[in-house]
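Please work through the exercises below with the sequence and the model side by side. Try each task before reading its solution.

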Amino acid sequence: MNSEKKVNLILIRLFNITLLLLLSFQSHAETVSHKIPHSNIIAEANYFDGDPKKPAVLIIHGFLTTNKFHTVVAMSKALESEGYTTLAPTLTLGINRRKSSIKCNSIHTHTLESDVEEIESWVNWLVSKGHKNIVLIGHSSGSQELIEYLNTKPSKYISKTIFTSLFYFNGKELGTLEHEIVYAKGLIQKNQNQPHKYNFLFCRNNYSATPQSFLSYMKLDRQYILDSLKNLKIPSYTIMGSADKRYQSVGLNWLDELKATGTHLIEVKGANHFFSSEHEFDLQDLIVQISQNNSINTGDAP
């Protein structure tokens, strides 16, 4: 995207946001609370009630962060400025009304399955509000968790999904140690669920988790993500930054493997894992176009 186009886009977004603020008596952002079924956990989300004729968009944040993470906030604001209903929950990770990111050395008891149950619950919440056309967007590990949701608990009201910075959890190239997986499985066999320190993504030998928690995420290895992506029953779009540092571990052939699944792959030149700086607007522009059902060129985005 050239500089002139970016300036024009910023001005248009600012105008739209101002207009929406002036019309806030009709539609406004709010924090909503929701009890997760079969638990005592209360989850919270940022909800913007937009144009009912447009799809509602559910946005899931990345690993151990919250709905306040800047990439998630930027996507939400871009969609809201175009009048879309947005729902951006914070996955509780077992913490009532969680508001802050969790450190690696916290005690992690949450599981992939509990995360997916929360996503399902929020989808059902949107449906209960009358939204029958829902677009899913995930950032980083949020993308992986949406894939697992679509694998196991899909809703007929999901029309499409957008994955951003999509990788996987389990792989020796990511720092996963096979002997730690074997150790965790041994604890499960012995009916022992005490926390232990593992290597998990950027948590190097300090991810304190129960074996049940740790092993649940190990399901999402490279091949599992690729196979799941290939088997999706709804249209999917995968937006990747060419300067994402995770390519140093997984290799640029990851993009070829993603494209081979049939997902609509879009590479944003120069963007990092978080689409920071000027690439924030490239990402915003793309997700708005996709949500509008506009045809876009897959491949490289300038």
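Three exercises follow, each with a worked solution.

This is a predicted model, in which local features need pLDDT of at least 70 and side-chain atom pairs count only at pLDDT 80 or more, while totals for chains, interfaces and linings use all residues. Residues are numbered from 1 along each chain as its sequence is written, and side-chain values use heavy atoms, with hydrogens and water left out.

**Exercise 1. Find where Ser140 is placed, and decide whether Ser140 is buried or exposed.**

Solution. Begin with the loop between β5 (134-139) and α4 (141-152), where Ser140 has its place; helices (H or I, at least four residues) and strands (E, at least two) are DSSP runs, numbered from the N terminus. Next, take the relative accessible area of Ser140, which is 5%, so Ser140 is buried (buried means under 20% relative accessible area, exposed over 50%, partly exposed in between, with a 1.4 Å probe and protein chains only). Then list what Ser140 touches, not counting residues up to four places away in sequence: Gly62, Thr164, Ser165, Arg246 and His273, where contact means heavy atoms within 4.5 Å.

**Exercise 2. Check the length of helix α5 (residues 178-189) against the expected span, and find what its buried residues pack against.**

Solution. The expected span of a helix is 1.5 Å times one less than its number of residues. For the 12 residues of α5 this gives 16 Å, and the end C-alpha atoms are 17 Å apart, which agrees. Now pick out the buried residues of α5, which are Glu180, Ile181, Ala184, Gly186 and Leu187; the buried residues of this helix pack against β7 (196-200), β8 (203-209) and α6 (211-218). After α5 comes Asn191, whose phi is positive, near 60 degrees.

**Exercise 3. Describe how helix α7 (residues 222-230) and helix α9 (residues 253-260) meet.**

Solution. Two packed helices are described by the angle between their axes and the distance between the axes. Here the axes of α7 and α9 come within 8 Å and cross at roughly 35 degrees (axes are lines fitted to C-alpha atoms, for helices over the stretch in contact, and angles run from 0 to 180 degrees between N-to-C directions). From α7 the contact is made by Arg222, Ile225, Leu226 and Leu229, and from α9 by Asn253, Trp254, Glu257 and Leu258.
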